[in-house]
Amino acid sequence: ELSYAQLAGRSAQWARYLASLGAGPETRVAVLLDRSVDLVTILAGVVQSGAVYVPIDPGYPARRVAFILADAAPAVLVCTQATAGLVSPDYPGRVVLADDPAVAACPADPVTDAERTRPLRPAHPAYVMYTSGSTGTPKGVVITHDALAGLVTDRVWGDAAAGRVLMHAPHAFDVSDFEMWVPLAHGGQVVVTPPGLEPAELPALIRAGELAGVHVTAGLLRVLAEEDPACFASAGMVLTGGDVVSPAALRSVLQAAPGTAARVLYGPTEVTLCATAHVLAPGAVVDGVVPIGRPLGNRQAYVLDEFLQPVPPGVTGELYVAGAGLARGYVGRPGLTAERFAACPFQSGQRMYRTGDLARWDASGVLVFAGRADEQVKIRGFRVEPAETEA
């Protein structure tokens, strides 16, 4: 266990050490680590330094690791002896081990702007997360501090925000925004599962965790609903999304766990985890298609035709998202950034993100997912572009 005081001290030491290596606002620090308490500490240290963390899953293929390091060009890479073998000898940046004794020698007081390489502002990036690319190569999505802050302080998380939240997603998957930053911003607890966790082991961890919130992708929810839906009975809230949610699976879980609430989240990485949510109270009746809900606070959703005009309720159009949470854009891809983040015709000076998803408004003002406008597919919540697989 780590207390908040211990986490603050250790992350401050990491922040100072990274700053001594030149890391700060607008510079990137790659984090190639398995899930652990040290991972949480180091990510918090990167954020406190003002630098931009680039999460890399050690389970990625070597070619993808090499691509991310080349494309993101991080000044510093944090890894372990075990994960260092995934790094090419040609990597030009500074490699730091997670147990480097030089970190513990740094002061543990909170870091100020005077100690950063430059003052940290809300518009500075907090992280760069890589998703699949329709042109054949992955693309790095740049998420700012204000976008992340807007997400974690939204009221949609309810009581789960200040409770115990299970962290079992890879840190290179944006669900980690909920699993880590939401509880840390509200005085809750992050319950870190060991690396290499198998799905069959998850129900026992959920039962034993005394959790206020646990997120599972739509595919994993289907599996758990078939095999052990009552495992969620001790959790205050189950969150799901990342793909089309099975109404039968959600109904099974809510019936087997009558005291558990549910949230169905929708949103690509470019809008900072989610843009809409469908809120289900304990015991709610799930009948028919599960909608993707209503926009989160300070976000707007538009269902538009090919001329960027709103379509009437019940008519399918392409879904656009505006407001808080939009990414700055893609690393080194100004053309693609301009294509996907267009000027919003409904708000002067604002942008909106073209999701590529089809949707419609129902009669009660709730969004219903209606498929993709392209060939993108989802596997366990991860976006996969067929063009990248072909390339």
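**View 1. Contacts between distant parts of the sequence run through the protein chain.** Take contacts between residues at least 6 apart in sequence: in this predicted model, 65% of them join residues at least 24 apart. The chain's secondary structure comes to 11 helices and 21 strands. Its C-alpha atoms fill a box of roughly 60 × 50 × 40 Å along the principal axes. With 391 residues, a compact globule would have a radius of gyration near 21 Å, and the protein chain agrees with that, having 21 Å. Of the 391 residues, 54% count as buried. The chain exposes about 16,400 Å², and carbon and sulfur atoms supply 55% of this area.

**View 2. The largest nonpolar core holds 62 residues.** Which members should you look for to get your bearings? Val 29, Trp 157 and Trp 181 touch the most other members of this core. Helix α2, residues 37-49, gives the most to the core, with seven residues. Apart from this core lies another one, of 27 residues, and among them you can find Leu 202, Ile 206, Val 245 and Ala 249.

**View 3. Here we move in on Trp 181 and its neighbours.** Leaving aside residues up to four places away in sequence, Trp 181 touches Leu 43, Ala 44, Val 47, Tyr 53, Leu 148, Val 152 and Ser 176. Trp 181 is one of the three residues that touch the most other members of the largest nonpolar core.

**View 4. Helix α5 spans residues 145-152 and has five buried residues to pick out: His 145, Ala 147, Leu 148, Leu 151 and Val 152.** These residues cover an arc of only 165° around the axis, so they sit on the same side of α5. What do they pack against? Their partners are α2, β5 (125-131), β6 (139-144), α6 (176-186) and β14 (299-304).

**View 5. Glu 270 sits in a loop between two strands, β11 (261-266) and β12 (276-280).** Is Glu 270 buried or exposed? Its relative accessible area is 0%, so Glu 270 is buried. The side chain of Glu 270 makes a polar contact with the side chain of Tyr 330, at 2.7 Å. Again leaving out residues up to four places away in sequence, Glu 270 touches Thr 131, Lys 139, Val 141, Gly 325, Leu 326, Ala 327, Tyr 330, Phe 341, Tyr 353 and Arg 383.

Key. Residues numbered from 1 in each chain as written. Predicted model: local features only at pLDDT ≥ 70, side-chain atom pairs only at ≥ 80, totals over all residues. Heavy atoms only, no water. Core = buried A, V, L, I, M, F, W, Y, C linked by side-chain atoms within 4.5 Å. Buried < 20%, exposed > 50% of the residue type's maximum accessible area, 1.4 Å probe, protein only. Helix = DSSP H or I, 4+ residues; strand = E, 2+ residues; numbered from the N terminus. Contact = heavy atoms within 4.5 Å. Arc of directions from axis to C-beta. Polar contact = N/O pair within 3.5 Å; in protein donor to acceptor, adjacent residues only side chain to side chain. Rg over C-alpha atoms; globule rule 2.2 N^0.38 Å. Areas by Shrake-Rupley, 256 points an atom, 1.4 Å probe, with all protein chains shown as cover.
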